[in-house]
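Me: I would like to learn how to read a few features of a structure, taking them one at a time. Could you put it on the screen before we begin?

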Amino acid sequence: MFTSEQSGLRIQYFDPETKRLRYCYPDFFVELSDGKYQLIEVKGDNMLENEVVLAKKKQQLKNSPHQQIIL
């Protein structure tokens, strides 16, 4: 799992709760055997419809050609 100090991979998004620009650091960046990549963000079932989680997902999908999975 990445932390902000370990990876330069960060995604800027607008936090709808605080009304500020923030950064999201995906939990995993995976290279698949076919050469494609996936960004993986681990979340509990209770967070899948959370407004902030959905804002991060929207921005990641908008700015990245990589697939994103939320678990």
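Reply: What follows is a short reading of rings, a charge and a pair of strands. This is a predicted model, in which local features need pLDDT of at least 70 and side-chain atom pairs count only at pLDDT 80 or more, while totals for chains, interfaces and linings use all residues. Residues are numbered from 1 along each chain as its sequence is written, and side-chain values use heavy atoms, with hydrogens and water left out.

Me: How many aromatic pairs does a search of the whole structure find?

Reply: A pair of aromatic rings is described by the distance of the centres and the angle of the planes. Rings of Phe, Tyr and Trp (its six-membered ring) pair if their centres lie within 6.5 Å, and planes under 30 degrees apart count as stacked, over 60 as edge-to-face and the rest as tilted. The search finds 1 aromatic pair: Phe-29 and Tyr-37 are stacked, 5.0 Å centre to centre with 10° between the planes.

Me: Which residue has its charged end over the ring of Tyr-23?

Reply: A charge sits over a ring if NZ of Lys or CZ of Arg is within 6 Å of the ring centre and within 35 degrees of the ring normal. Here the charged end of Arg-10 takes that place, 3.8 Å from the ring centre of Tyr-23.

Me: In which sense do strands S1 and S2 pair?

Reply: Strands (E, at least two residues) are DSSP runs numbered from the N terminus, and two of them pair if DSSP finds at least two bridges between them. S1 (residues 11-15) and S2 (residues 20-24) pair in the antiparallel sense over 5 bridges, with Tyr-13 having Arg-22 as its bridge partner in S2.

Key. Helix = DSSP H or I, 4+ residues; strand = E, 2+ residues; numbered from the N terminus.
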